[in-house]
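Welcome! Let us take a friendly walk through a protein model, one stop at a time. Have the 3D view ready and turn it as you read.

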Amino acid sequence: MSPDELLYTKEHEWLRLTGSTGTVGITNHAQKELGDVVYVELPKVGDKLHSGDTFGNVESVKAVSELFVPVSGEVVEINESLGDAPESINADPYGKGWIRSIRRRRGVGGFEIHSEFPSRSEADALRNRNRFD
């Protein structure tokens, strides 16, 4: 079961919104499909990402899967513990297995200006758990 307070992408990433910051990870379904995660390629703090772009990879014993940006913004934190313990994604995908946090940047470097986070077009692409299941 997926947590109710999260938003989800069709690519099986999740987004937890807290004010102007969004934390991102992959769903329980995605980690089960991947199998044992052995490596996570993380973005760098300060990277400016646009919705729909890739921001890294999750490598498992079965496959390598790209990670997609659910909402545009600047990376403000990465889960550095995944470097030593990528299996946290399997053990706790909605907790210790989070991947990165992003903050909405308004009107900077070509980012669109919106009064809300995420933008309306980005929010329309996200799903709550009821639409996801």
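Of the 133 residues in this chain, 44% count as buried. Please keep in mind that the model you are looking at is predicted. Its chain has four helices and nine strands. If you trace the elements from the N terminus, they run β-β-β-α-β-β-β-β-β-α-β-α-α.

**An aromatic pair**

How many aromatic pairs does a search of the whole structure find? The search finds one. Its partners are Trp14 and Tyr94, whose ring centres are 6.1 Å apart, with 45° between the planes, so the pair counts as tilted rather than stacked (under 30 degrees) or edge-to-face (over 60). The pair links distant parts of the chain: Trp14 belongs to strand β2, while Tyr94 sits in the loop between α2 and β9 (100-103), and 80 residues separate the two. Are these two partners buried or exposed? Trp14 has a relative accessible area of 0%, so Trp14 is buried. Tyr94 is at 13% relative accessibility and therefore counts as buried too.

**Two side chains that meet**

Next, find Thr23 in strand β3 (residues 21-26). Which residue does the side chain of Thr23 touch in a polar contact? The partner is the side chain of Ser101, and the contact is 3.1 Å. Ser101 is found in strand β9, so this contact joins a residue of β3 to a residue of β9, and the cut-off for such a contact is 3.5 Å. Thr23 is buried because its relative accessible area is 16%, which falls under the 20% limit. Ser101 is buried as well, with a relative accessible area of 5%.

**Around Ser81**

Now move to Ser81, in the loop between β8 (73-78) and α2 (88-91). Its relative accessible area is 40%, so Ser81 is partly exposed. The side chain of Ser81 is joined to that of Asn79 by a polar contact of 2.5 Å. Ser81 can also be compared with Lys96: the two are 15 residues apart in sequence, and their C-alpha atoms are 8.7 Å apart in space.

**A charge over a ring**

Where does the charged end of Arg100 sit? It sits over the ring of Phe55, 4.3 Å from the centre of that ring.

**A positive phi and a nonpolar patch**

Most residues other than glycine have a negative phi. His12 has a phi near 75°, a positive value in a residue other than glycine. You will find His12 in the loop between β1 (7-8) and β2 (13-18). With 22% relative accessibility, His12 counts as partly exposed.

Finally, look at the surface. Val38, Tyr39 and Val61 make a nonpolar patch of about 300 Å² there. Val38 lies in strand β4 (residues 37-41) and counts as partly exposed, at 42% relative accessibility.

Here are some of the accessibility values from our walk in one place.

| Residue | Relative accessible area | Class |
|---|---|---|
| Trp14 | 0% | buried |
| Ser101 | 5% | buried |
| Tyr94 | 13% | buried |
| Thr23 | 16% | buried |
| His12 | 22% | partly exposed |
| Ser81 | 40% | partly exposed |
| Val38 | 42% | partly exposed |

Methods: Residues are numbered from 1 along each chain as its sequence is written. This is a predicted model: local features need pLDDT of at least 70, side-chain atom pairs count only at pLDDT 80 or more; totals for chains, interfaces and linings use all residues. Side-chain values use heavy atoms; hydrogens and water are left out. Buried means under 20% relative accessible area, exposed over 50%, partly exposed in between (1.4 Å probe, protein chains only). Patches are made of residues with over 30% relative accessible area and no salt bridge: like charges are joined within 9 Å, nonpolar side chains (Val, Leu, Ile, Met, Phe, Trp, Tyr) within 5 Å. Accessible areas come from the Shrake-Rupley method with a 1.4 Å probe; for residues, only the protein chains shown count as cover. A salt bridge is a side-chain nitrogen of Lys or Arg within 4 Å of a carboxyl oxygen of Asp or Glu. A polar contact is a pair of N or O atoms within 3.5 Å; within protein, one must be able to donate a hydrogen and the other to accept it, and residues adjacent in sequence count only if both atoms are side-chain atoms. Rings of Phe, Tyr and Trp (its six-membered ring) pair if their centres lie within 6.5 Å; planes under 30 degrees apart count as stacked, over 60 as edge-to-face and the rest as tilted. A charge sits over a ring if NZ of Lys or CZ of Arg is within 6 Å of the ring centre and within 35 degrees of the ring normal.
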